[in-house]
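Let's take a walk through this one together. Have the sequence and the model open side by side.

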Amino acid sequence: MGLQQGLKKAYANGSVTPTPRSDQKEKVVRYKECMRNHAANIGGYAVDGCTEFMASGAEGTPAAYVCAACNCHRSFHKRVVESDTETDSCDCSSITTASR
């Protein structure tokens, strides 16, 4: 395992993505709305309305996994993987035909 593979890039909302190698596309993981069911113990369904994860503490501390807005763990927030749209776009100019 190379030195570059262990490095991680941190973002303001607490998400972390591994630093990509030269042959990989960079993907950003963000944590959006909280989906914790606060009324599960009484058989209901109620969410708190938190719209995005914000880390309570610095990266590398246990507080980095707790949301500052709703005080829930990061795992309760919806995980969204975003990637660079320029590199993911389809080059539809080349048409291939299958011969039978």
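We start with the overall layout and then work through a few residues.

First, keep in mind that this is a predicted model. The protein chain has one helix and four strands, and reading from the N terminus the order is β-β-β-β-α. Of its 100 residues, 17% count as buried. The accessible surface comes to about 7500 Å², and carbon and sulfur atoms hold 52% of that. As for long-range packing, look at the contacts with a sequence separation of 6 or more: 40% of them involve residues 24 or more positions apart.

Now for the inside. Which residues make up the largest nonpolar core? There are eight of them: Val29, Tyr31, Cys34, Cys50, Phe53, Cys67, Cys70 and Cys72. Several of these names will come back below.

Take the rings next. A search of the whole structure turns up one aromatic pair, and the partners are Tyr31 and Phe53, arranged edge-to-face with 6.2 Å between centres and 65° between planes. That angle counts as edge-to-face because it is over 60 degrees. Tyr31 sits in strand β3 while Phe53 belongs to the loop between β3 and β4, so the pair ties together parts that are 22 residues apart in sequence. Both Tyr31 and Phe53 are buried.

His77 is a good place to stop for a while. This residue is found in strand β4, and it counts as buried because its relative accessibility is 3%, where the cut-off is under 20%. One polar atom of the His77 side chain lies 2.8 Å from the backbone oxygen of Lys32. Setting aside neighbours within four places in sequence, the contacts of His77 include Tyr31 and Phe53, along with Cys34, Cys50, Cys67, Cys70 and Cys72. Those seven also appear in the list of core residues. Lys32, Glu33 and Glu52 are in contact with His77 as well.

Cys50 is in the loop between β3 and β4, and at 10% relative accessibility it is buried. From Cys50 to His77 the sequence separation is 27 residues, with the C-alpha atoms 8.9 Å apart. Beyond residues up to four places away in sequence, Cys50 touches Glu33, Cys34, Cys67, Ala69, Cys70 and His77. Cys34, counted in the same manner, touches Val47, Asp48, Cys50, Cys70, Cys72, Phe76 and His77. Phe76 has another partner to look at: the charged end of Arg36 sits over its ring, 5.3 Å from the centre.

What about Thr51, buried or exposed? With a relative accessible area of 61%, Thr51 is exposed, because the cut-off for that is over 50%. Like Cys50, Thr51 is found in the loop between β3 and β4. Leaving out residues up to four places away, Thr51 touches Lys32 and Glu33. Thr51 and Cys70 are 19 residues apart in sequence, and their C-alpha atoms are 9.5 Å apart.

Finally, have a look at Asn71, in the loop between β3 (27–34) and β4 (77–83). Asn71 has a positive phi of about 65° although it is not a glycine. With a relative accessible area of 60%, Asn71 is exposed.

Notes:
Residues are numbered from 1 along each chain as its sequence is written. This is a predicted model: local features need pLDDT of at least 70, side-chain atom pairs count only at pLDDT 80 or more; totals for chains, interfaces and linings use all residues. Side-chain values use heavy atoms; hydrogens and water are left out. Helices (H or I, at least four residues) and strands (E, at least two) are DSSP runs, numbered from the N terminus. Buried means under 20% relative accessible area, exposed over 50%, partly exposed in between (1.4 Å probe, protein chains only). Contact means heavy atoms within 4.5 Å. Accessible areas come from the Shrake-Rupley method with a 1.4 Å probe; for residues, only the protein chains shown count as cover. A polar contact is a pair of N or O atoms within 3.5 Å; within protein, one must be able to donate a hydrogen and the other to accept it, and residues adjacent in sequence count only if both atoms are side-chain atoms. A nonpolar core is a set of buried Ala, Val, Leu, Ile, Met, Phe, Trp, Tyr and Cys residues joined through side-chain atoms within 4.5 Å. Rings of Phe, Tyr and Trp (its six-membered ring) pair if their centres lie within 6.5 Å; planes under 30 degrees apart count as stacked, over 60 as edge-to-face and the rest as tilted. A charge sits over a ring if NZ of Lys or CZ of Arg is within 6 Å of the ring centre and within 35 degrees of the ring normal.
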